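Welcome! Please take a moment with the sequence and the structure below, and then we can walk through a few of the features together.

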Amino acid sequence: MKNFREDLKYVGKPVPRVDSYEKILGVAEYTGDIELPGMLHTKLVLSPYAHAKIKAIHTEKARKASGVVAVAVGDDFPFRVGLYVNDRNVLARKKVRWAGEPVVAVVAETLEQAYEAAELIEVEYEPLQPVLDVRDALKPGAPLVHEELGEYAHSPAFHPIPGTNIASRFTLKKGDVELGFKQSDVILENEFMMPQVSHVPLETHTSIGQYMPDGKIKIWTSAQSPFTVRHILSVSLGVPEHKISVYVPYIGGGFGGKAGINFEPLVVMLSKMAGGRPVKLELTREEQFITAPVRQGLYAKLKTGVKRSGEIMAEKILYVYDAGAYADYGVNVGRAAGYSCTGPYYVPNVETESLTVYTNHPWGTAFRGFGHFEFLWAIERQMDLVARELGMDPVEFRLKNALLPGKTTPTGEVLREDAGRIDECIRAVASRIDWGKKPVAAAGKPRGKGIAALWKAPAMPPNASSAAFIKFNEDGTAELLLGITEIGQGAETALAQIAAEELGLPVEKIKVVPFRHTDVSPYSWQTVASRGLFMDGRAVQMAARDAKNQIFDIASQVLRVSKEDLVLSDERVHVRGRPEVGLELRQLVNGYVYPNGNVVGGPVIGRGFYSAARLTYLDPETGQGYPALKWTFGAHAVEVEVDPDTGMVKVLKLVSAFDIGKAINPAIVLGQAYGGALQSMSLGLLEGYFYDEKGRMLNPNLTDYKIARASDIPEEHEVIIIENPQLDGPFGARGIGELSMLSVETAIANALYDAIGIDLKNLPITAEYIWKHIQAKKEKIPVEAVT
C-alpha cells in the first residue's frame with residue numbers, strides 16, 4: 001500500500017518551520033522573559049535526605065529578612081495534586097521522600113533576597129531508611145515510601161496496592177503462557193536495567209502564578225499541557241475551571257518533563273499568601289536535576305520460549321519502573337509499557353506484569369517514548385540473545401516473528417490492514433547497512449553491526465480529543481488556533497500545511513497563533529504520546545472544511561450555483577470548469593458586500609474536533625482491549641567502531657526507517673530522526689542518575705551529567721521514510737513523534753557484541769563500562785574485579 005494522494009500542493013513539502021525566525025532571532029517570548037508589575041521571586045529550600053521525618057522547621061529569621069514577603073511550608077497547603085494518582089504534596093509534609101524535595105518556599109521582592117533568606121531557614125530531620133532500588137522496594141518489610149497509599153484518589157485505570165510500594169500494577173494475559181513454554185524447544189531468561197535520567201530541556205521549569213483578590217487565578221508557565229494544568233488545579237483547589245487562566249508562551253523543550261502538572265500549584269498558592277502579587281519560580285540547572293521530575297528507571301526480567309525453527313511461542317515479562325518519590329504520572333508509563341510489552345512482534349502466549357514502584361529517588365514522569373525506550377531495550381536485546389541461542393540471523397529472527405496486519409497485538413487487537421509494516425522497516429535498514437557483510441577492523445579498532453526494531457502507540461485515555469479554530473482576516477489571510485503546544489516537534493508547521501492544503505491557501509498566509517491560552521485556545525488533551533499530528537491534524541482538517549463550507553455557502557448565493565459546483569484554490573472560489581467565474585477569497589471571508597451595501601453571510605470561523613474512535617478501557621485482569629489509536633513502526637541498523645584501549649564507541653553509520661503513513665513535512669521528519677537518534681545515543685551511552693549510599697545525586701550538573709554533543713553525531717545517518725498511509729489519518733499520516741529516539745542504543749549494544757563479543761544488559765554503556773568488560777574478557781575475570 002502506497003500513498004493514495006499524489007495531487008498535494010503543500011502537504012508532503014519541506015516547508016520552513018513557521019516558528020523559525022522568532023527563535024533564531026531571539027525574539028520569541030518564553031516564560032522566563034515575562035516580567036509583571038509587582039512580581040515576586042521564589043527560592044526553594046530542599047531536603048538533603050532521601051527519606052526522613054520532618055521534626056521542626058524554623059523560619060523566624062527568614063521571615064524577618066530584608067525583602068521577604070512570605071515563607072511557606074507544607075502544612076500551609078494541606079492538599080495533594082496528581083494526574084492519575086493524587087499522591088503529590090505541593091511542599092513536603094510530615095516527611096521527605098527524596099533528596100531534593102522542596103520543603104520550604106521563600107518569597108521575596110528580589111531573587112537575591114529570597115536566596116539570602118532561604119539560607120537562614122533551619123529544618124530538623126529524623127533520617128529514615130531509604131529505598132534506593134526497585135527490587136528492594138518490592139521485598140516484604142521494605143520501608144514504605146507512602147504509608148497513606150490506600151487513601152489516595154486515583155483513576156480507575158490504575159491499581160495501587162496499599163501497604164506496599166507498588167503505585168500501580170498492570171497485568172496482561174494472552175493465550176496460555178505455560179502451554180507455550182511446553183511447546184518451546186528453547187527457553188531463555190535474562191534481566192536488564194537502566195537508571196533514571198533527566199529531560200535536560202534548554203529551558204528549565206519556570207512558572208508564574210497570581211491568585212487574584214476576586215478568586216480568579218492566572219498562570220504563566222512553560223507547560224506541555226495547559227488544559228491539564230487548569231483541570232488538576234481546579235480539582236485540587238475546588239476552584240471552577242472558568243476562573244483559572246493558563247497562558248503558555250514559547251516552550252524551550254519539554255520531552256515529556258513539562259507534561260501533567262508541575263510547580264504551578266506552588267506559585268499560585270504562594271501568590272495567595274503574598275496578597276495576590278504574581279510570584280515567579282525559575283529553577284536553576286542544578287535544581288532542574290534534583291528537584292524537577294525525571295524519566296523513570298527500569299528493571300526488566302524476560303523469559304522467552306521459541307521453536308528451533310524460530311517462532312516465538314511464549315513470553316513471560318516483568319517490568320518494574322522506578323517511579324521515584326511520586327507516581328502521579330508515572331503509573332501511566334508502566335501501563336503503556338504493559339500493553340505494548342512484546343515490542344513489534346507476534347507472540348501468541350504472553351503473561352506480563354508491569355509495576356510502577358515508589359523509591360526514594362526523584363519523582364518520575366513522562367519522557368519522550370513514554371516507557372517504550374526503556375522496555376524496548378530489554379526486548380530488542382533479548383531478541384538478539386535468543387537468535388544467537390538458536391544460531392539464527394537476528395534479522396531473519398525478527399522478520400519471522402514480525403507483527404504484521406491481521407495478527408494480534410498483546411491486548412488481542414487485530415492489527416489493521418493499513419497499520420504500517422515493521423517488516424519493510426527491518427528489510428530497509430538491513431539492506432542499507434549491508435547486513436551480512438562483516439565489517440573489517442581499522443587501525444586495531446574492531447567494528448560490528450547491529451539492528452533493533454521498535455513500535456509505539458499513543459498512551460492516552462479512550463476519550464482524548466483535540467480541537468482547532470480557523471478564522472480569517474479582511475485581506476483573506478487566516479489564523480490557526482491550536483490547543484497542542486509547540487515544544488520543538490514542528491507540529492505548528494505541519495498543522496499549518498494541513499490547513500493550507502484544505503483551504504487552497506499558501507502556508508505563508510496562515511498564521512499559527514504562537515501561544516496557548518485556556519481562555520481562548522481550543523481544547524487539546526495533552527501534548528504527549530505522539531498523538532498531536534494525527535489527532536490535531538484531523539481537527540484542523542475538520543475546521544478547514546467547516547470554514548470552506550461556510551465560504552461556499554456565501555459564494556453559492558453570490559454566484560448562483562450549487563455549493564457542489566464550487567472550487568477553492570489559490571485564494572479564489574470559482575465555478576468548477578469555469579475558472580473565470582469566481583470571487584477572491586478576501587471578498588467572502590467576512591461576508592460578501594454587494595455594490596448597494598447589502599451583505600450575504602458574515603465572518604467565517606471554522607471549528608473542528610477529533611476524538612479517538614473505538615478505543616476501550618483494558619480488562620483489569622487480562623489487559624485485553626483496544627488502547628491504540630495507531631501503531632507506528634520503525635527500525636535502526638548501525639555500524640560501530642570500538643577503541644579497545646579506551647572503550648570509546650564511534651557510530652560510523654546509522655540507518656533509520658520509519659513507516660509514518662505520510663510525511664506531512666519531510667524536512668521536519670528528518671530533523672526529528674536526526675535529533676531523536678542522537679538523544680537515544682546520549683541516553684544509551686552517556687546519561688544516568690548516580691547516587692551515593694544515602695540517595696543523594698552525585699552528578700547534578702552538566703559537567704558530571706554527560707549528554708551528547710555535536711561531536712557524537714554519527715558520521716553518516718541515512719533516514720528512510722516509508723509511506724504506507726493509515727486511511728483515517730490526516731492525508732494518511734501517523735506522525736513520527738517519539739518514535740525517532742527509540743532503540744538506537746539497543747542497535748549499538750547489539751553491534752558491540754558483533755564487534756567485541758560482549759553482551760551488555762545495563763545502561764548506560766559508558767566508555768568505562770565497555771573498557772571494563774573488554775579487560776574482564778581479556779583477563780578472564782569478573783567485571784567487578786576490574787579496576
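## A sheet of four strands

In this predicted model, 4 strands form an open sheet in the order β20-β31-β32-β33, and their pairing is mixed. The edges are taken by β20 (447–456) and β33 (716–722); each has a single partner strand, so one side of each is left without a neighbour in the sheet. On average, neighbouring strands of this sheet are turned by 15° against each other, direction ignored.

Let's follow β20 to its partner. β20 pairs with β31 (residues 632–642) in the antiparallel sense, over 10 bridges. If you look for A452, you will find H636 of β31 standing opposite. Elsewhere, helix α15 (residues 666–685) lies across β32 (649–659) and β33, and runs at about 125° to β33.

## The second largest pocket

Next, the second largest pocket, which holds about 680 Å³ of space. Its lining is made of 31 residues, and the closest to the centre are L83, Y84, S155, H231 and W525.

Which helix gives the most to this lining? That is α6, with 7 residues. Both α6 (226–237) and α9 (330–339) supply at least two residues each. By kind, the lining divides into 17 nonpolar, 10 polar and 4 charged residues.

## A look at S521

Finally, find S521 in the loop between β24 (516–517) and α14 (532–559). Is S521 buried or exposed? S521 counts as buried, because its relative accessibility is 10%, and buried means under 20%. Leaving aside neighbours within four places in sequence, S521 is in contact with F227, L482, F515 and R516.

Key. Residues are numbered from 1 along each chain as its sequence is written. This is a predicted model: local features need pLDDT of at least 70, side-chain atom pairs count only at pLDDT 80 or more; totals for chains, interfaces and linings use all residues. Side-chain values use heavy atoms; hydrogens and water are left out. Buried means under 20% relative accessible area, exposed over 50%, partly exposed in between (1.4 Å probe, protein chains only). Contact means heavy atoms within 4.5 Å. Two strands pair if DSSP finds at least two bridges between them. Axes are lines fitted to C-alpha atoms, for helices over the stretch in contact, and angles run from 0 to 180 degrees between N-to-C directions. On a 1 Å grid over the protein atoms alone, a cavity is a set of points where a 1.4 Å probe fits but cannot get out, and a pocket is an open set with protein on both sides within 12 Å along at least five of seven lines; lining residues have an atom within 4 Å of a point. Grid points are joined across faces, edges and corners, and a volume is the space filled by probe spheres set on the points. Ala, Val, Leu, Ile, Met, Phe, Trp, Tyr, Cys and Pro count as nonpolar, Asp, Glu, Lys and Arg as charged, and the others, Gly among them, as polar.
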